[in-house]
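User: Please take a close look at a single part of this model, the loop that follows one of the strands, and describe the surroundings of the residue placed there. Please then set that description beside the other sites that have been examined.

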Amino acid sequence: MPTIAKRLLNWFDQHGRKNLPWQQPIEPYRVWLSEIMLQQTQVDTVIPYFNRFLEQLPTLASLAKAPQDQVLHLWTGLGYYARARNLHKCAQIVMEQHNGQMPSDPEQLEALPGIGRSTAAAIASIAFGKDSAILDGNVKRVLARHHAVEGWPGKPAVLSQLWLHAEHHMPSKRCGDYSQAIMDLGATLCSRSKPKCDICPLQSSCLAHKQGNPQDYPGKKPRKVLPVKTVQMLLIQNLDGHILLQQRPPSGIWGGLWSLPEFPPEDDACQQTEALTGVVSTHTELPPVRHTFSHYHLDIQPQLLQLSANITKAQQVMETAPQLWYNLQQPQELGLAAPVKKLLNQLASAKP
Ligand code: SF4
């Protein structure tokens with residue numbers, strides 16, 4: 001029987017995806033950017049973000065020089081913002097320490113911020129043709145099924161078995177096409193809920209197919225109930241209709257993004273507003289919003305507080321965080337946390 005690599009490459013030549021925006025042309029900056037965007041995110045979602053990002057920041061050098069706000073703005077809506085901050089930091093390091101050229105060596109790539117083992121291997125194989133094995137979510141699913149590897153891949157023992165299979169199948173030629181082929185197979189035929197085994201090139205050797213239970217692989221993450229945190233977010237609106245935003249600290253949840261002033265649920269929203277800005281004329285409680293992170297739910301109680309007078313900068317009590325008044329009609333290019341963007345959009349489209 002031909003090797004897995006041979007069968008996958010034959011299948012890729014006929015059916016693989018070769019017209020994705022980051023494949024035209026294939027070059028390190030584009031491959032790296034796409035690999036980071038594709039972490040935890042579907043291809044269809046990534047495409048418009050990728051195109052918009054490249055229009056504004058077409059080269060690694062332009063990304064390194066860009067202000068962080070521009071990078072976070074281009075990322076707004078994609079989530080997992082540490083990816084954007086690391087991308088930015090990584091571009092600056094590549095400019096300073098690698099003469100502006102992405103390294104081709106997987107170990108050097110892995111030493112850069114935001115690049116893990118599989119992403120380093122994807123860049124090394126796709127952009128530089130190195131025989132470096134990848135193991136992203138799609139590849140984990142294909143290999144777990146093909147070899148009937150039991151258990152959740154988040155467990156180190158399961159993961160190391162999958163890495164062994166990934167390395168074993170990596171061919172020494174057409175490495176980039178092979179990486180692309182096994183990712184494509186996972187994204188198209190060997191999909192999570194309805195694998196199309198009848199047309200799969202790996203069917204004859206696939207153990208999960210033989211057992212008749214591909215959906216049982218890979219093993220599920222043990223379920224746990226997510227805790228709930230509750231906050232109030234203040235939409236403080238001045239007489240021009242602008243909303244007060246504060247920038248979050250550089251690291252942690254929504255690090256570096258612009259957000260609304262936040263307070264514990266028991267605090268008095270009017271008192272907090274008056275301490276921050278000026279006298280409140282009207283106060284409206286808006287419908288609550290739930291935002292779910294991987295490790296907890298955040299229940300947000302938005303409060304709209306309209307001021308009775310515009311305050312001058314000198315009157316404004318400056319917090320340690322930078323602040324600005326956000327124009328809802330002509331929004332500034334800022335990185336915004338997803339629920340904050342949603343609340344601002346709702347307010348912008350509400351009838352006066
Ligand atoms: S035969 Fe089915 S389960 Fe096995 S790799 Fe192919 S699509 Fe996935």
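Analyst: Asparagine 238 is placed in the loop that joins strand E1 (228–237) to strand E2 (243–247); the model is a predicted one. Its relative accessibility is 10%, so asparagine 238 counts as buried, the limit for that class being under 20%. Within the local chain, the side chain of asparagine 238 reaches the backbone nitrogen of aspartate 240 at 2.9 Å. Beyond four places away in sequence, asparagine 238 is in contact with Leu307, Asn310 and Trp325.

A second site is serine 118, which belongs to helix H8, a helix of residues 117–128. Serine 118 has a relative accessibility of 15% and therefore also counts as buried. When residues up to four places away in sequence are set aside, serine 118 touches Ile134, Leu135, Asp136 and Trp163.

The third site is that of the ligand, which sits in the largest cavity. Around the ligand are the cysteines Cys190, Cys197, Cys200 and Cys206, the prolines Pro195 and Pro214, and also Arg145, Gln203 and His209. By class, this shell consists of six nonpolar residues, two polar residues and one charged residue. The cysteines and prolines count as nonpolar, and Arg145 belongs to the shell as a residue of the charged class.

Terms used. Residues numbered from 1 in each chain as written. Predicted model: local features only at pLDDT ≥ 70, side-chain atom pairs only at ≥ 80, totals over all residues. Heavy atoms only, no water. Helix = DSSP H or I, 4+ residues; strand = E, 2+ residues; numbered from the N terminus. Buried < 20%, exposed > 50% of the residue type's maximum accessible area, 1.4 Å probe, protein only. Contact = heavy atoms within 4.5 Å. Near = heavy atom within 4 Å. 1 Å grid on protein atoms, 1.4 Å probe; cavity = no way out; pocket = protein on both sides within 12 Å on 5 of 7 lines; lining within 4 Å. Sits in = over half its atoms within 2 Å of the grid points. Polar contact = N/O pair within 3.5 Å; in protein donor to acceptor, adjacent residues only side chain to side chain.
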